[in-house]
Amino acid sequence: SAAMLEALRGGTGLAVGTDYHGTSVYSAYTYSTLLGAGLVLKIDRHEVEWPLIVNLLILLFTAVGITLLGMAVIGLSARHMLAKIEETWEKGKEAVRVQKENFEALISALFPKFASERLMAGEHQIVVEVPKAAVLMSNICNFAAIGAKLTSAELLQWVSYTFKVMDNVAEYYRVYKVKTIGDVYFAVAGLPEEGRDREEDQRSSA
């Protein structure tokens, strides 16, 4: 073969060709001075190329599989992250809504309706002319004597019921309750409200 001829000439190298059977082979050749002969090592190309091709295909499919798996993991992670972000956003919105409701409830409890509505609408300075107004203060007659006969729980229940009745009267006649101090009920009548007879409300609530 050509590889043997090159070896006999003293050459060393690699060659691609056919053997005496006509099979395509890779040949490695050299000349051995010790043996005084040319040496040729032949390997069938199919024995080398097919395993190489198979290994390359395996490597290719493995790489594609890893890439697809990575993309799937990234996709799932992204969806999970988006879901978390959306959940956090919704919780934030709910917290803001609850805080807004608590703030409005606090403002409504501290100020008369006409003032609290304007405050929540964004006004900072509210000036209202009140031609006639009355401060109503009432207390429970013989409160100390009655309280001495009741337990703490009974006294609290009785006072709460009494002031609840007064709250209903105040709400009906549009009287603004300022606060309660012990057994004293402190309210203001005559605050402006459209369509109401303020003087009549004062007399009726008293």
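This is a walk through the structure above, from its overall layout to some individual side-chain contacts. The model is a predicted one, so please read every distance and angle below as a value computed from that prediction.

Let us begin with the layout. The protein contains six helices and six strands. Followed from the N terminus, these elements come in the order α-β-β-β-α-α-β-α-α-β-β-α. The protein has 206 residues, and 15% of them count as buried.

A good place to start on the details is helix H2, which covers residues 45-110. Leu60 sits in this helix, and together with Val64, Leu68 and Met71 it makes a nonpolar surface patch of about 390 Å². Leu60 itself has a relative accessible area of 48%, so it is classed as partly exposed, since that class ends at 50%.

Further along helix H2, charged side chains come into view. Arg97 and Glu94 join their side chains in a salt bridge, with 2.4 Å from N to O. Why are these two about one helical turn apart? They are three residues apart in helix H2, and that spacing amounts to about one turn. Both partners are partly exposed: Arg97 has a relative accessible area of 37%, and Glu94 has one of 38%.

A second bridge in this helix links Glu104 and Lys100, at 2.5 Å from N to O. Here the partners are four residues apart in helix H2, again about one turn of the helix. Glu104 counts as partly exposed at 26% relative accessibility, and Lys100 falls in that class with 49%.

Searching the whole structure gives seven salt bridges. Another of them pairs the side chains of Arg118 and Glu123, at 3.0 Å from N to O. Arg118 is partly exposed, at 29% relative accessibility, and so is Glu123, at 32%. Some bridges also share partners: Glu94, Arg97 and Glu101 are joined in this way into one network.

Now let us turn to the aromatic side chains. How many aromatic pairs does a search of the whole structure find? There are two. One is formed by Phe143 and Trp158, which are stacked, with 6.5 Å from centre to centre and 10° between the planes. Phe143 belongs to helix H4 (residues 143-148) and Trp158 to helix H5 (residues 152-172), so this pair ties together parts that lie 15 residues apart in sequence. The two rings are partly exposed, with relative accessible areas of 23% for Phe143 and 28% for Trp158.

The other pair is made by Phe163 and Tyr185 and is tilted, with 5.7 Å between the centres and 50° between the planes. Because Phe163 lies in helix H5 and Tyr185 in strand E6 (residues 184-189), the contact ties a helix to a strand, across 22 residues of sequence. Are these two residues buried or exposed? Phe163 is buried, with a relative accessible area of 9%, and Tyr185 is buried too, with 5%. Both values fall under the 20% limit for a buried residue.

Close by in sequence, there is a buried charge to look at. Asp183 lies in the loop between strand E5 (176-181) and E6. Asp183 is buried but has no salt bridge, and the nearest side chain of opposite charge, that of Lys179, is 14 Å away. What does the side chain of Asp183 reach? The partner is a backbone atom: the nitrogen of Ile140, at 3.4 Å.

Our last stop is Asn142, in the loop between strand E4 (134-139) and H4. Its backbone deserves a look, as phi of Asn142 is near 55°, a positive value in a residue other than glycine. Asn142 has a relative accessibility of 55%, so it counts as exposed, the class for values over 50%.

To retrace the route, helix H2 carries Leu60 of the nonpolar patch and the bridge between Glu104 and Lys100. Helix H5 supplies Trp158 to the stacked pair and Phe163 to the tilted one. The loop between E5 and E6 holds Asp183, whose side chain reaches the backbone nitrogen of Ile140.

Technical notes. Residues numbered from 1 in each chain as written. Predicted model: local features only at pLDDT ≥ 70, side-chain atom pairs only at ≥ 80, totals over all residues. Heavy atoms only, no water. Patch = residues over 30% accessible without salt bridge, like charges linked within 9 Å, V, L, I, M, F, W, Y side chains within 5 Å. Areas by Shrake-Rupley, 256 points an atom, 1.4 Å probe, with all protein chains shown as cover. Salt bridge = Lys/Arg side-chain N within 4 Å of Asp/Glu carboxyl O. Buried < 20%, exposed > 50% of the residue type's maximum accessible area, 1.4 Å probe, protein only. Phe/Tyr/Trp six-rings, centres within 6.5 Å; stacked < 30°, edge-to-face > 60°. Lys, Arg positive; Asp, Glu negative; His and termini not counted. Polar contact = N/O pair within 3.5 Å; in protein donor to acceptor, adjacent residues only side chain to side chain.
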